[in-house]
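This report covers a ligand site and a few loop residues. Here is the structure it refers to.

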Amino acid sequence: MEPPRLVYIVTGNEGKFREASRILGEYGIEARQARLVKVEIQSDRLEDIALKAARIAYVQLRRPLIVEDAGLFIDSLRGFPGPYSDYVYRTIGIEGILNLLQGRGRSACFRSAVAYVAPMAEKVFSGEVCGRIAEEPRGSEGFGFDPIFIPEGYSQTFAELGIGVKNRVSHRAQALRKLASWLVGAAHTGGW
Ligand code: IMP
């Protein structure tokens with residue numbers, strides 16, 4: 001029997017879903033959005049946050065699903081906002097981060113943890129992209145901190161580069177590509 005090639009992505013973030021579904025599609029995996037409330041524990045580790053949220057979502061959905069947790073880690077702020085990125089984005093926002101960085105180093109990394117939970121499997125994959133924080137917001141694509149993040153090797157922000165480039169280099173793309181390769185391999189051995 002051909003194994004199901006359908007996973008649910010638990011997120012209310014349309015930008016995140018667009019990126020993730022496009023990447024999974026490259027591997028023949030259909031993604032559907034599940035707009036469940038993502039229950040977030042407090043932890044310094046994105047992997048723990050994503051896995052706990054995925055387990056809780058699975059109890060509700062009972063279908064193979066993914067929860068992704070991501071964050072922006074700024075070196076000169078000792079990794080802040082990291083796992084608290086969503087709260088910081090919603091409170092002080094991009095302008096607040098730019099104010100905090102006046103006179104400080106601008107190197108930073110985005111990190112992503114993708115947790116997959118299914119009847120017979122639980123897996124977490126991680127990804128990271130490093131670069132620097134721009135002097136001012138630029139570009140209109142993407143979401144979140146995209147207008148101020150310039151990935152290494154580029155001079156434009158993620159919001160200027162767009163989804164094509166972002167899906168080649170981003171933290172999310174790397175974690176999801178690891179998951180997709182694992183799923184494709186597992187499908188061949190009847191594993192999912
Ligand atoms: P989440 O908890 O995984 O949804 O992400 C935490 C916060 O990090 C979000 O509110 C976004 O502002 C930010 N973030 C996560 N991933 C990205 C990205 O790919 N680009 C820009 N901002 C991001």
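## Ligand contacts

A nitrogen atom of the ligand lies 2.8 Å from an N or O atom in the side chain of Arg 172. The protein covers 94% of the 480 Å² of accessible area that the ligand has on its own. The model is a predicted one.

Asp 146 also makes a polar contact: an N or O atom of its side chain is 2.6 Å from a nitrogen atom of the ligand. With Asp 69, the ligand partner is an oxygen atom, and the distance to an N or O atom of the side chain is 3.4 Å. The table sets out these three contacts by residue.

| Side chain (N or O atom) | Ligand atom | Distance |
|---|---|---|
| Arg 172 | nitrogen | 2.8 Å |
| Asp 146 | nitrogen | 2.6 Å |
| Asp 69 | oxygen | 3.4 Å |

## The shell and the pocket

Where does the ligand sit? Its place is the largest pocket. The ligand is surrounded by 17 residues. Closest are Lys 16, Ala 70, Asp 86, Asp 146 and Lys 166.

How do the residues of the shell divide into nonpolar, polar and charged? Nine are charged, five are nonpolar and three are polar. Three elements each supply at least two shell residues: strand 3 (65-74), helix 3 (85-91) and helix 6 (171-188).

## Loop residues

Now to three loops, starting with two threonines.

Thr 11 lies between strand 1 (6-10) and helix 1 (14-26), in the loop. Is Thr 11 buried or exposed? Thr 11 is buried, because its relative accessible area is 8% and the cut-off for buried is under 20%. A polar atom of the Thr 11 side chain lies 2.9 Å from the backbone nitrogen of Asn 13.

Thr 157 is in the loop between strand 7 (149-151) and helix 5 (158-169). The relative accessible area of Thr 157 is 0%, so Thr 157 also counts as buried. What does the side chain of Thr 157 reach? It reaches the backbone oxygen of Arg 138, at 2.6 Å.

Gln 42 belongs to the loop between strand 2 (30-34) and helix 2 (46-61). Why does Gln 42 count as exposed? Its relative accessibility is 72%, and exposed means over 50%. Gln 42 and Tyr 84 are 42 residues apart in sequence. In space, their C-alpha atoms are 8.8 Å apart.

Notes
Residues are numbered from 1 along each chain as its sequence is written. This is a predicted model: local features need pLDDT of at least 70, side-chain atom pairs count only at pLDDT 80 or more; totals for chains, interfaces and linings use all residues. Side-chain values use heavy atoms; hydrogens and water are left out. A residue is near a molecule or strand if one of its heavy atoms lies within 4 Å of it. A polar contact is a pair of N or O atoms within 3.5 Å; within protein, one must be able to donate a hydrogen and the other to accept it, and residues adjacent in sequence count only if both atoms are side-chain atoms. Accessible areas come from the Shrake-Rupley method with a 1.4 Å probe; for residues, only the protein chains shown count as cover. On a 1 Å grid over the protein atoms alone, a cavity is a set of points where a 1.4 Å probe fits but cannot get out, and a pocket is an open set with protein on both sides within 12 Å along at least five of seven lines; lining residues have an atom within 4 Å of a point. A molecule sits in a cavity or pocket if more than half of its atoms lie within 2 Å of its grid points. Helices (H or I, at least four residues) and strands (E, at least two) are DSSP runs, numbered from the N terminus. Ala, Val, Leu, Ile, Met, Phe, Trp, Tyr, Cys and Pro count as nonpolar, Asp, Glu, Lys and Arg as charged, and the others, Gly among them, as polar. Buried means under 20% relative accessible area, exposed over 50%, partly exposed in between (1.4 Å probe, protein chains only).
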